[in-house]
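Subject: Structure for your review

Hello,

I am passing on the structure we spoke about. Please look through it alongside the notes underneath.

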Amino acid sequence: MKTMFLFLLLTCAAAGASAQDPVGADGQLPPALRNRPATPPPAAGAALRAQALAKLEAQFKEADRDHNGSLTPEEAKGFGFVARNFDAIDTARRGGVSFEELRAYLARVKAERR
Amino acid sequence: MAPVTSAHRPHRTSRVTTLTSALLASLLVACGGGGGGAPAAAPPVAQQPPPVTTLPGTYADPVVYSGAPTAALQSAEERAATVQAKITLDGKALDYTATTGHLTATDLATGQPAASFFYVAYTAGTLPAAQRPVTFFYNGGPGSSSVWLHIGSFAPRRLATAFPATTPAAVAGNLVDNQETLLDHSDLVFVDAVGTGYSQAIAPRTNAQFWGVDQDAAAFRDFVRRYLAVNNRQASPLYLFGESYGAPRTAVLANLLESAGVRVTGVVLQSAAMNYTSNCGMFNPGQASCEGYIPSYAAVAYYHQNGSLPTDLSTFLQKAREFAAGPYRSEVNAFIANKAAPSEATIAQLVSYTGIAAATWRQDYSMVPGAYRARLLPGQMIGRYDARVKAPSGSALTVDGDPSLTVVGPAVNGSVKNYLQNELRYTAVTSYIGSNNVLNQWNFSHDGKPLPDTIPDLAAALTLNPSMKIMAMSGYHDLATPFYQTELDLARLGPGVVQIRNYDSGHMSYLDDKVRRLQKIDLRAFYNSASVAQ
């Protein structure tokens, strides 16, 4: 069994050697991506919070199928967080919620935690 | 139901025969483990059909699975093997159910079947769902199945090894009751990404359509939704446990789940690579600051010079962090931009931390981990996933470019198929795809950038759920995702948001017996804790 294992290890070695990367390249990215793209410094603090809200707004807009800036309960199925909390977000009771209303709701929830 | 000791400890003779053939199949898969340059997954080889068995709960899956980019199942059934089992934990019996099979993730937008996910779920206890957490585990790669976490970390059964020692050699199939299982605290679901394990796309979708940051995470979201619905677990506290690339997957997934209305109670980021552009090891040498690696370089060098980490480790590492963030950082950008010579004071500190010659540091001030691993011990290669493991250059353990992977990978990969068959009573006609070389086909772009920075995804998830708990676990000897870079990445979320835990171990820190015990203690506290976020 032990001999068998060594044999397999060597077989493995032969299969892997040809594809081995040179020292210095760790191979977590395909070669085409191993030249570092120019990147702005990573966002933190207020800039990061703005990025997070922008992500959520993009998801919100995707769910807003008629692009009227407001999610109906039906459209909110595409943004389940809004669907789950619809009544709490829709404080004006107009049967639709805007992204601003979602933001206001999130701010209220966060404040209540403090 | 009676415990199934026969499933746990099959007759020795039959195991050895099956082990040998399984080992051959999975060892070839393991060659490319960790994302090196392995060939693409071979087309599936139909093996002899498994023996017909009458054991209750058995599922002999007739489906031929493929990890090929264009592969797709014509349809998928939600079938699973179910087995009642028990382990002995702290001298007491822990009874549990293991469910092994497939669930279909349907696309959230279209409602169409998208992918058939292979999973193993361990469930225990009689608590109401709302009081019993469920945790989803997955490795990374991208292209890795979840075999490492499944066989090596916190499941009720695990592979016993001497890791990081290279002797005695790890033996496939040497499974033991896991005293550090998390099953006493949470139900555990180990799930494989599309194109790995036995997970596969469903037509008209193909495997490769899930090989990208966003589409992969969306499919995981749809699997999690399905698992919770089928098992009536929507009320259960939901945890995600992702390793390596699985950590950025977790960030994207947490946001997608929260936006879909699925509450995430906590996430564990094991050896995380949250922001690909911040890790100099991802790029060709000389392109990015290696500040994130300096404390790891210092710790690893100290370990090899002294046989252990320093006794005043926290002071030692704090000084290394301050050096990295201070003098090193202030000179590295000028060096990268125009080879501006660093000050001799900084060079002297690098020499003192690493033992690597001043001339080398002057030439290669932003030294990437691959170069460091080749230079630290002349004539030897040290491990990438765990730098404690070393092997003479050119020896068998260095053939994959990482002796710490080669020393244990074949045993990990070689254990899974027999374990599924003999203990979990799930048999398949094709080989389990431990690792699939999808790297060149993976779409790494995310948020309009060519490479993923997933800290904004965590921030978005926290915006929807400020109570979401986050813990990061890293190893001091990990030269793939260095602990200090992970600290820098996660610090962007603000002070106190993330609980940081670092261990005297490597990337798969849990493979080390003493460290798995520590991680279990920390995880237990994490599950019981309230959010520390502001």
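The notes below go through chain A, then chain B. Please keep in mind that this is a predicted model.

Chain A

Chain A has 5 helices and 2 strands. Read from the N terminus, the order of these elements is α-α-β-α-α-β-α. The chain has 114 residues, of which 20% count as buried. Among its contacts with a separation of 6 or more, 21% are between residues 24 or more positions apart.

One residue I looked at here is A:Ser70, which belongs to strand 1 (residues 70–71) of chain A. A:Ser70 is classed as partly exposed because it has 19 C-beta neighbours inside 10 Å, and a residue needs 20 or more to be buried. Leaving aside residues up to four places away in sequence, A:Ser70 touches A:Gly96, A:Val97 and A:Ser98. From A:Ser70 to A:Ala32 the C-alpha to C-alpha distance is 42 Å, with their positions 38 residues apart in sequence.

Chain B: domains

Chain B divides into domain 1 (5–278 + 415–528) and domain 2 (282–406). Taken over C-alpha atoms, the centres of domain 1 and domain 2 of chain B lie 31 Å apart. At the boundary, 24 residues of domain 1 of chain B are in contact with 26 residues of domain 2 of chain B. On the domain 1 side, helix 14 (residues 483–491) of chain B gives the most, with 4 residues. That side of domain 1 of chain B, sorted by class, holds 11 nonpolar, 11 polar and 2 charged residues.

Chain B: strand 8

Strand 8 (residues 187–191) of chain B is mostly covered, with 5 of its 5 residues buried. Its two faces are both covered: B:Asp187, B:Val189 and B:Val191 are buried on one side, and B:Leu188 and B:Phe190 on the other.

Which strands pair with strand 8 of chain B, and in which sense? Strand 4 (residues 113–123) of chain B pairs with strand 8 in the antiparallel sense over 4 bridges. Strand 5 (residues 134–138) of chain B pairs with strand 8 in the parallel sense, also over 4 bridges. B:Phe190 is a convenient residue to follow here: B:Val120 has B:Phe190 as its bridge partner in strand 8, and B:Phe137 stands opposite B:Phe190.

Chain B: helix 13

Helix 13 (residues 455–464) of chain B is mostly covered as well, with 10 of its 10 residues buried. They include B:Ile455, B:Pro456, B:Asp457 and B:Leu464. The buried residues of helix 13 of chain B pack against elements of both chains. From chain A these are helix 2 (45–63), helix 3 (80–84) and helix 5 (99–113). From chain B they are helix 5 (246–259), strand 15 (469–475) and helix 14. Helix 14 of chain B is also the element noted above on the side of domain 1 that touches domain 2.

Chain B: B:Tyr328

The last residue is B:Tyr328, in helix 7 (residues 313–338) of chain B. Is B:Tyr328 buried or exposed? B:Tyr328 is buried, because 23 other C-beta atoms lie within 10 Å. Not counting residues up to four places away in sequence, B:Tyr328 touches B:Glu291, B:Ile294, B:Phe323 and B:Thr346. B:Trp361 is 33 residues from B:Tyr328 along the chain, and their C-alpha atoms are separated by 12 Å.

Regards

Note on methods. Residues numbered from 1 in each chain as written. Chains lettered and ligands numbered in written order. Predicted model: local features only at pLDDT ≥ 70, side-chain atom pairs only at ≥ 80, totals over all residues. Buried ≥ 20, exposed ≤ 12 C-beta atoms within 10 Å, placed from the backbone. Contact = placed C-beta atoms within 7 Å. Pairing = 2+ DSSP bridges. Domains from an automatic or database assignment. Nonpolar A, V, L, I, M, F, W, Y, C, P; charged D, E, K, R; others polar.
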